[in-house]
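Me: I am new to this structure and would like a close look at a single part of it. Please start there and then work outwards.

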Amino acid sequence: MGSTATEATLPQDFDALRTLILDRRQLLPKRLAQIAAYALGNPDEIAFGTAASIAQSAGVQPSTLIRFAQHLGFDGFTSLQSVFRERLRERQGSYEERLSGLRGDTPGLSKNRVILNGFLSAASQSIQTISRSAEEDVLERAVEILAHADTIYLIARRRSYPISAYMAYAFGKLKIRNQLIESTAGIDPEILSFARPQDAAI
């Protein structure tokens with residue numbers, strides 16, 4: 001399948017898998033590149049979905065998922081999916097550790113102040129992580145795409161909702177045309193159908 005990966009060198013966590021996909025993105029056939037982009041942009045959907053539902057959302061055939069997994073060295077899609085599921089287990093552990101830290105006792109500070117400081121510290125660490133992980137070429141390309149977009153569609157899902165909502169507010173203040181996708185009526189696909197080639201989406 002064009003892969004030189006062996007069982008010993010297969011990525012064992014999401015960060016390693018993400019690095020592998022990014023390293024190979026320029027060499028992937030069109031449909032596999034389409035899956036790669038969807039997988040990195042929607043890791044929770046890859047973890048929770050079935051092959052049929054994921055393929056439908058990504059706009060490919062279910063067999064393409066298998067070819068994508070095998071291209072990366074996995075024996076099938078289920079093996080690849082297990083890496084995405086492990087990411088969720090690690091993330092859950094991280095949340096539990098954060099909550100445990102918030103309950104710690106700091107002399108001289110009230111319980112409420114300790115909790116507030118804990119949330120602020122976690123937010124600061126998250127921002128630092130983003131700063132370290134942001135790839136310069138990806139950032140420059142993203143800025144270029146957004147700068148030339150007629151309308152920017154902001155897709156608000158799960159934890160991205162508060163960020164997307166604030167971006168819609170900020171873009172509005174800056175007079176940048178945008179559309180927040182968070183319909184409670186479930187008509188997001190219909191709203192997105194108005195997007196044109198000169199538009200962009202986050």
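Is Tyr166 exposed or buried, and at what relative accessibility? Please begin with that residue and its surroundings, then place them within the protein.

Reply: Tyr166 is exposed, because its relative accessibility is 55% and the cut-off for exposed is over 50%. Keep in mind that this is a predicted model.

Start with the helix around this residue. Tyr166 lies in helix H9, which covers residues 161-173. Tyr169 lies in helix H9 too. Three residues separate the two tyrosines, about one turn of the helix. Tyr169 has a relative accessibility of 48%, so this residue counts as partly exposed.

The two rings form an aromatic pair. Their centres are 5.8 Å apart. The angle between their planes is 45 degrees. That makes the pair tilted.

Now follow the chain out of H9. The loop between H9 and S2 holds Lys175. Lys175 has a positive phi of about 65 degrees, although this residue is not a glycine. Lys175 is exposed, because its relative accessibility is 76%.

The strands come next. Strand S2 covers residues 178-181 and is an edge strand. Strand S3, residues 200-201, is the other edge strand. Each of these two pairs on one side only. The three strands form an open sheet in the order S2-S1-S3, with parallel pairing. Strand S1 covers residues 152-155. Four bridges join S1 to S2 in the parallel sense. One residue pair to find here is Tyr153 and its bridge partner in S2, Gln179.

How many aromatic pairs are there in total? The count is two. The tyrosines of H9 make one of them. The other pair is Phe14 with Phe84. Their ring centres are 5.4 Å apart and their planes meet at 65 degrees, so this pair is edge-to-face. Phe14 is in helix H1 and Phe84 is in helix H6. They are 70 residues apart, and the pair links distant parts of the chain. Both phenylalanines are buried. Set that beside Tyr166, which is exposed, and Tyr169, which is partly exposed.

Phe14 has another partner. The charged end of Arg87 sits over the ring of Phe14. The distance to the ring centre is 5.3 Å.

Phe84 also leads to the largest nonpolar core. This core has 27 residues. Phe84 is among the members that touch the most others, along with Leu17, Ile46, Phe68, Leu72, Phe74 and Leu80. Six helices each give two or more residues to this core: H1 (14-24), H2 (30-41), H3 (43-48), H4 (51-58), H5 (62-71) and H6 (77-102). There is also a second, separate core of eight residues. Leu154, Ala156, Leu180 and Ala200 are among its members.

Two more buried residues are worth finding. Asp44 lies in helix H3. Its relative accessible area is 12%, so Asp44 is buried. Asp44 and Arg158 are 114 residues apart in sequence. In space their C-alpha atoms are 9.9 Å apart.

Val60 is in the loop between H4 and H5. Val60 counts as buried because its relative accessibility is 10%. Leaving out residues up to four places away in sequence, Val60 touches Arg31, Gln34, Ile35 and Ala55. Val60 and Leu32 are 28 residues apart in sequence, with 9.0 Å between their C-alpha atoms.

Finally, step back to the whole protein. The protein has ten helices and three strands. Along the sequence the pattern is α-α-α-α-α-α-α-α-β-α-β-α-β. Of the 202 residues, 27% are buried. Take the contacts between residues at least 6 apart in sequence: 66% of them join residues at least 24 apart.

How confident is the predictor? The average pLDDT is 84, and 88% of the residues score at least 70. Residues 1-6 have a pLDDT below 50. That stretch has 13 contacts in the model beyond near neighbours in sequence.

Definitions and conventions: Residues numbered from 1 in each chain as written. Predicted model: local features only at pLDDT ≥ 70, side-chain atom pairs only at ≥ 80, totals over all residues. Heavy atoms only, no water. Core = buried A, V, L, I, M, F, W, Y, C linked by side-chain atoms within 4.5 Å. Buried < 20%, exposed > 50% of the residue type's maximum accessible area, 1.4 Å probe, protein only. Pairing = 2+ DSSP bridges. Phe/Tyr/Trp six-rings, centres within 6.5 Å; stacked < 30°, edge-to-face > 60°. Lys NZ or Arg CZ within 6 Å of the ring centre and 35° of its normal. pLDDT = per-residue confidence, 0-100. Contact = heavy atoms within 4.5 Å.
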